[in-house]
Amino acid sequence: MAVPWVSDLTLLAAILATLLPLCSFLVVMLFTRSHPRISAGLSIGAMSVSLLCALFLLNEHWHMEKPLEYAGRWLVSGSIEIPFGFLLDPVSLLMLAVVAVIGFLIQIYSLGYMAGDPGISRYYAFMSLFLWAMMSLVVAPTLFQLYIFWELVGLSSYLLIGFWYEKFSASQAGKKAFIMTRAGDVAMFLGMLLILLHLGNLSILEIDSPALAARMSPRLLTLSALLIFGGIIGKSAQFPLMTWLPDAMQGPTPVSALLHSSTMVAAGVYLFERLFPFFFFSPDAMTFGLFIGTLSMLLASTMALVTRDIKEIWAYSTISQLGYMIMGLDAGAFFSGAFHLTTHAAFKALLFLCSGVLIHTFETNDIYELGRKGGRSLKVPMACCCIAAGALAGLPPLSGFFSKGLILEGLADLSNPVWLIAALFGAFLTAYYAFRPIFIILFPREASGEPEVHSATSTSKDHSAGHSSSHYWLMGWPLILLAGATLCLGFLKAPLEHFMGQTALPGVKGIGHPVWLLYTEIILAVGGVGLAWMEFGRRCAQQVGFVEKIPALHRLFAERWYLDHFYGWFVDRVIDRGVSALFTQNDHRVIDGSIDGISRGTVETGRLISHMHLGMVQYRLLAMFVVMVLLAFYFFF
Amino acid sequence: MPMEFAGFPFLSAILISCLAGFFIILCLPEARAREIKWVGAVCSGMTLALAIYLFFAYDKSRGGLQFVERVQWIPSLGIQYFNAADGFNLPNLLLSGIVFFTGVLTMWELEIRVKEFFALYFLMVTGVFGLFMSMDLFFIFVWYDVSLFPMYPLIAIWGTTRKEYGAMKLTLYLLAGSALILPAILYLFVQSGLNTFDIVRLMQPGTFTAYQQKFAFILLYLGFGILAGVWPFHTWSPVGHVAAPHGVSMVHAGVLMKIGAFGVLRVAMFLCPQGWQHWAQLMALLASIGIIYGVLVGLRQTDLKYVIGYSSVSHMGIVGLGLSTMTVSGLNGAVFQMFAHGVMTALLFSSVGYIYDRTHTKAIAELGGLSRIMPVASGYFIVAAMAGMGVPGLASFWGELLVLLSAFETYPIRGTLAISALAVSALFMLRVVQKTFYGPANPKYVDLQDVPFSLGVPRMILVTVILLFGFFPSLLLDMIETASIPFINGLPR
Amino acid sequence: MRIVPFGHVLLLAGLLFVMGAFCAVTRRNLVMIVLGVEIMLNAAGIAFVGSALRWGQLEGQACVFFILAVAATEVAVGLAMIVFAYRKTGSFDPAGYNQLK
Amino acid sequence: MTLYTCLFYVLAVAIVTTTGIAITQRNLVHAVIYLVFSFFGSALLFYLLGAPLLAALEVIVYAGAIMVLFLFIIMMVKMESIEERMPPLGQWLPAVLCGILYLALGAVVVYTAPGSEFPLQTAMATPVELGKYLFQRHWLSIEIVSLLLLVAIIGALHLGKRKETGGTEEP
Amino acid sequence: MKWMLFSPEIFYLLAALCFLLLSMTGRLHRRRDHHIALALAVAGVAVCVASLQLEGSLFSETYKIDLFSQVFKLLLSVGLALVVGICSELRGIQERYEHEVYLLLFPCTLATMLLVSSIHWLGVYVSLELSSYSLYILVALRKDWTQGIEAGLKYFLVGVFASAMMLFGMVILYGTTGTLDVKQLAQILPGLMSHAAVVVGLLLALSGFFFKLAVFPFHFWAADVYQGAAHQIAAYIATVSKVAAIAVLVRMVAMLGGSSDYFVHVLAVLSVVSMTVGNLAAIAQKDLKRLLAYSTVAHAGYVLIGILSMNPGGYAGAIFYAMAILVMKFTVFLVLVKVAWDGTNLEVDGLAGLHRRSPLLAMALMVALFSLAGLPPTVGFTGKFLIFTAAMERGHFALVLIAMINVVISLYYYLLMLRAAYLLEPQEQCSPLSLSAPIKLLAGALVVVMVAAGIFPRYLMDLARNAAQGLM
């Protein structure tokens, strides 16, 4: 730490912000495992301090000309030098604030949600581990540090998904999540190594600078961009590696709210923002990203149409919104992606927390069940839910509308119109699936006689659902705050754009936006909501989606486009029964077999030779004579 | 006998404390098991303390050989009892100290034939310490065999599944390795014409021709490689680990496999650099196959110790890959990984040992939901499993990172193969953790109680070491660097 | 007076040596084995005398003296053993003696 | 071709034929008798090659003592009653082959040996010279041989002696 | 005084005669005979130690006394003392022959001492015969007559055949070179090495020693004799006569070996084949002594490597290896005698439960086995190390590699014995072995010697090296 860290306030704030959750994690794990109250208090206290530091950093550096970088020597090995430190610039400060705010709120919320759960101190320990990792990832000055915390975030998600480890499905989901993200990480690690080979070090500022483009050939640049994008696919559950996110709903709802909607999965998009100039240098990587973003957005929204589990719906919506952000970024509209990430974090966390309250009180995830059990009676959560769903659908006054609009404008500037059409179709679907559960819960059909589908992800709560009012209000306050955020964030677009725009970033500056785009956007949103109302809200609606009418399509979407079957087949057939069985046989039969064969062979020859020695005396004399004659004969050769 | 000691002979002090333990235990009567264990704990504690003191007393700025001890042993053949500490062998000495001390504590509950067990155990570890600190070819070979032959009685008498087959196979296989090493050492001794076994003198450039170096290197690499678990010769290690009692398999997998890798480094690479450059391609190929192979075969195993055995084959493959890249960071990574893997495997075996002592079964299928029954004991295993997967914040991540970095630089294809093994190793480790620790609690074991504090001490030490070197790798890396930079720069191009 | 080239004496001794060996190896009777060895020793004696004459020394003849002594002890011990064995096992056939496994 | 050369060849042929017959005789007594003739032949050869004392000793010790001992043993155990089995093919065929190979080799070796062409001149070593030479240079070996004979006597005695009480293990 | 040079031999002659008189008395006092024998043997050792530094030659240059011969005489006398030490019960010999054991042992040791010092082929031949014949008779005196007589007969027939071949070799040597004195031969031979007769003669002449050392073509007697003979006699054959054979072979090859590489090839072939045959045959053995016999054949192969490298290092290695064989083999036989105290043959599994019955013997056995296998901290390893270094100096890399592979094979059956001692539980509960104090002391001393000679071999190596200097 070159600069004496005590005197420089920013550095002090950055250190406090990141390292406090780590201290609370260590203290809780080592000492206060058996006292839930103390451990909860500790981690919330630590979180509040880091929240304050994050906000302090944000407003102190509101007007920032150039990024601040502090780096201390951590590990030196020959030519490779891995520093540890902080890189504070608008991108990271905004993300730090988002993570801090939502983290703090969810920690308060989970006080109520997790009350009575035996492993509560373990829960808070893992939460603070996650927050430490996420915040250090956000402010990482080098790709090394970012990769290290990228893995740690993956680890904490594994621990939190598998929090109720007695349930087989929870541990299975945790394992699946970790392995899929780890596959992405491997690709990212390779991309990093390519850059390291050519650049010498991995500091983010140098990667973003044009110097790198000069050193690497365009082909290599694209390859490393694609590889790093592989990491983003893994972490943000994009097209090929998306099926782990819906399964990750096994974890407690606050975890889903914090990790698997707003912060952790957004790390991929954040990395994209962080290396935006680097990606910008390779156009085909951008088009590939665009394609992946669109594909995963459409697929996820189709899946959301049919599922009956409320948390799965929001999980699919997260995947599709992330697809939106990546489309926005890939289209060159830097601010649109960042802004949508912020707004999405707010309203998606709100959605999850509301459904959390519903699940917490009615003990079921199924939307029809929730409706029937009187979901409408809980006034505050339902209200916040509607607001958040509205923001998700992109209804005008809410923040979703503004951020999605920006993305659509970015897409409009692209030469090829197909991306814009897909985005618009996506917006329509989003609106439709956003309001489907709302209407089902608000207008339950007693006589619908829907078979009680045992949805795979019903979270059976074994702890007593204490409905005491204190818990209710503890969970209530964060909802209200988040609802407020979704309402007013839309209007903060201008100052944020100014704040983000300070660091001169390349990117397509939007020329005048066609007016018709704004209106089509509103019409599609309202149309989607209307269709949902038509099919689910109206008194005489059969509450059967237009998709469910076509059974083939229904099954296709319900089976997650058979992706899970493919992965199951691949891991089971190819890896388990195929390659490793082959290697195990090779190990036992070929290598071991040959060695045991050699040793058995020597023992057999031993037995043979010892039999040779049992012959008659005269054979021995003969043998002596013959050998001596042969040795004499050898003289002549 | 002209003796040259720089201050108090710490290195010999380690050996003497081991041998003192050996002789005291021999003199104690068989019945007094408790006293034997206490003597064992005290002596191993002393060696650990000495190793720690050495580790921190080493003057990193000066580098080179320190704490030199030299005694003319057999002048006519140029054999000396020559011990020294440098960047390469101090981490290993520390590792042996730690694993030795925790190994003794892990075997605290042993009841049958305690005296013979600890006597042979001390003998084995004396061999291990001797080899790490020796700079004389003759003594390296002597200590190599001293550390090997107690293996047979240790495994054959106190072992578990298929112990006699395992013991015989292991001992014969490892001594077949020595059948390759001794001719190579003699070949070098004779070809050098200097009538000395001293590595420092034989190391000077120009003592051997290129052909001699190539010839000797491949023999030494195969000889020591067998012990290091190089790919085609690895089949003894899982069998040996399963058969051995867990205290022995801790030292065996934790330290003995490092002797193989250290032997390759200290003897083969020091004396035959051109041979190393010639055979590096083969080393890298075998190592990367070993990494993938160990993990994939581990997937199919049903016995907990087999799983750990194959995971150590894979990790030793990483060490081999590190050694094969002729870069400073590759070498640093390899030595760091030797240390990290040693501690991690020791923790794995010690926790499996605890589980085996309680449930008397190692089959993963029968175990299940142990995390509910004994959270602390399974916690230790999970930390070790995480380290095995290369999770950052734990020691072996840095080793793997550095090795894979430099491997990717010099051998791109093999490097990619090794890096992709990271994903499969995650699948492999998590599957084990999930089957044995998560999921519904197995009714048979519900009444088992968690590990008491007294038995938890060894595992706690190992966990703290993993975390300490996970968070502060530079502690170890600066030490290793003082030795690897001069070595790599000294290589003839 | 010239008797015969030294080589011929050696050849004779060699021939006798082979016949002795052949008798020792093929005859299925212990006594005949000892007899065969006697013939071999006698062949060596002849060669020794021939060599002594060839080099004009008495060394060779002195050796023959010792050969006689050794042959005598060989017969004494050998036949004693054979008789002892015959008295115990009742057979002279060398094939009979293979109880030691 | 002096008298001695043809005498040498006559004696050589005699020795070889008598030994050959001795080897192939089924009946042991005949074999021993033929062997005695062979030893007489070699005694004469010794005399021809200038070793009169050895010739006499040969007759006394070899032909006399040793062959008589053989006869005595053969008579004692009534050997002729035991029919000796013919040696199986597997035993004598390799012996014959090796014998032939040995002879070929021996011939080559002898001809290439140094001094094989050296003509032997007749000479005579008086027993006095041989005795003096023997006891001057090799008296240690004489002592050793005496010990050897002592050991042989002890051995023959113990192996041959029947147990006093007519040991039960008699056949 | 010239007679002082000959003092060890005279002492042993007088001892032999004293036992001759004793056997005349007729009545059997086992305890008294054993004490007398032990006293005389120990006195013999003292005499040999006193005469260690003597130099000179007797009997008109045919009998050389130098450090080499005196070291070996000392070894032989120590060997005899050890063997006599374990002859306390002598259950393996028939009662009426117990006098004869000592009566024959002393002349045989005398013969081996003569063999070591004499450098005239005739003297060598005659002393070889003396030692062989006394051993033929000793082997035949076994209590269980079926085994004793069969072993004795086989030993006799092979021995006599081999001595006949040796004699024929000597006669060819004499015929072609004109002298039987080894010193003169050493000057003449290098010139004639190109002639087939000379080399074949030398090879045949050495076959007598190959028989004594049980090298490949002449090793057939080893297994049956070890199994057939009484434990003490087998111990004697395995230690003392082996050491003598090594001594005379080293002396002959050192003086006559010369430069012909044909001779080195022949020795290399013999050593490789006898190593491999010895080790492989030993694997399949059930009887303990038969296994030890084959392991001795294998050790003969290792010593031959030292001898065929024909440099001072090689001969020093062979001398050191002779010392090692003496101690290692004797320890195993000590354990054997104490476990099979009733004189019957012992199966390898008969060692079961030894670690419980007598921990000291078990440890002695373990150290001896690891030393026989050639594992480092023991004397066996130092011996092998010296021999392999010498062979490597002559460039016999393949030979050293084959030898090391054989070491691994030999480790297999040594570990089987160890397994029996430490692992197997005896079927019926047998009582713990009670060892008398001197035997305990002896076992402990042997263990200390084996380990000390392995860790601080410096003094023994210097002794061997000086002895080897005198040879050239």
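**Asking why: helices, contacts and turns**

Reader: Why is the crossing of helix 4 and helix 5 of chain A called left-handed?

Author: The crossing of helix 4 of chain A and helix 5 of chain A is left-handed because the near helix is turned anticlockwise from the far one by less than a right angle (clockwise would be right-handed). Helices here are DSSP runs of H or I with at least four residues, and strands are runs of E with at least two, numbered from the N terminus. The model is a predicted one, where local features need pLDDT of at least 70 and side-chain atom pairs count only at pLDDT 80 or more, while totals for chains, interfaces and linings use all residues. Residues are numbered from 1 along each chain as its sequence is written, with chains lettered from A and ligands numbered from 1 in the order in which they are written.

Reader: What makes helix 4 of chain A roughly antiparallel to helix 5 of chain A?

Author: Helix 4 (residues 120–138) and helix 5 (residues 143–161) of chain A pack at about 155°, their axes 8 Å apart. Axes are lines fitted to C-alpha atoms over the stretch in contact, and angles run from 0 to 180 degrees between N-to-C directions. The pair therefore counts as roughly antiparallel, a word for angles over 145 degrees (under 35 is roughly parallel, 65 to 115 roughly perpendicular, the rest oblique). Helix 4 of chain A makes the contact through residues including F126(A), L129(A) and F130(A), and helix 5 of chain A through residues including F149(A), W150(A) and V153(A).

Reader: How many residues of that contact between helix 4 and helix 5 of chain A are nonpolar, polar or charged?

Author: There are 13 nonpolar, 2 polar and no charged residues. Ala, Val, Leu, Ile, Met, Phe, Trp, Tyr, Cys and Pro count as nonpolar, Asp, Glu, Lys and Arg as charged, and the others, Gly among them, as polar.

Reader: How do you know that helix 16 of chain E is largely enclosed?

Author: In helix 16 of chain E, 12 of the 15 residues are buried, meaning that 20 or more other C-beta atoms, placed from the backbone, lie within 10 Å of their own (12 or fewer is exposed, in between is partly exposed). Among the buried residues are L361(E), M366(E) and F370(E). The buried residues of this helix pack against helices of chain E including helix 13 (288–308), helix 14 (312–339) and helix 19 (437–455).

Reader: Why is the span of helix 16 of chain E called close to the expected one?

Author: Helix 16 (residues 359–373) of chain E reaches 21 Å from its first C-alpha to its last, close to the expected 21 Å, which is 1.5 Å times one less than its number of residues. G374(E), with a positive phi near 90°, follows helix 16 of chain E.

Reader: What makes E363(A) and F59(E) partly exposed?

Author: E363(A) has 15 other C-beta atoms within 10 Å, so it is partly exposed. F59(E), with 18 C-beta neighbours inside 10 Å, also counts as partly exposed. E363(A) has a positive phi of about 60° although it is not a glycine, and its loop joins helix 16 (334–362) and helix 17 (367–372) of chain A. F59(E), not a glycine, has a positive phi of about 45° and sits between strand 1 (56–58) and strand 2 (63–65) of chain E.

Reader: Which chains share the most contacts?

Author: Chains C and D do, of the 8 pairs in contact. Two residues are in contact if their C-beta atoms, placed from the backbone, lie within 7 Å. In this pair, 73 residues of chain D are in contact with 57 residues of chain C. The chain D side has 50 nonpolar, 17 polar and 6 charged residues. No contact joins chain B and chain C, whose closest C-alpha atoms lie 26 Å apart.
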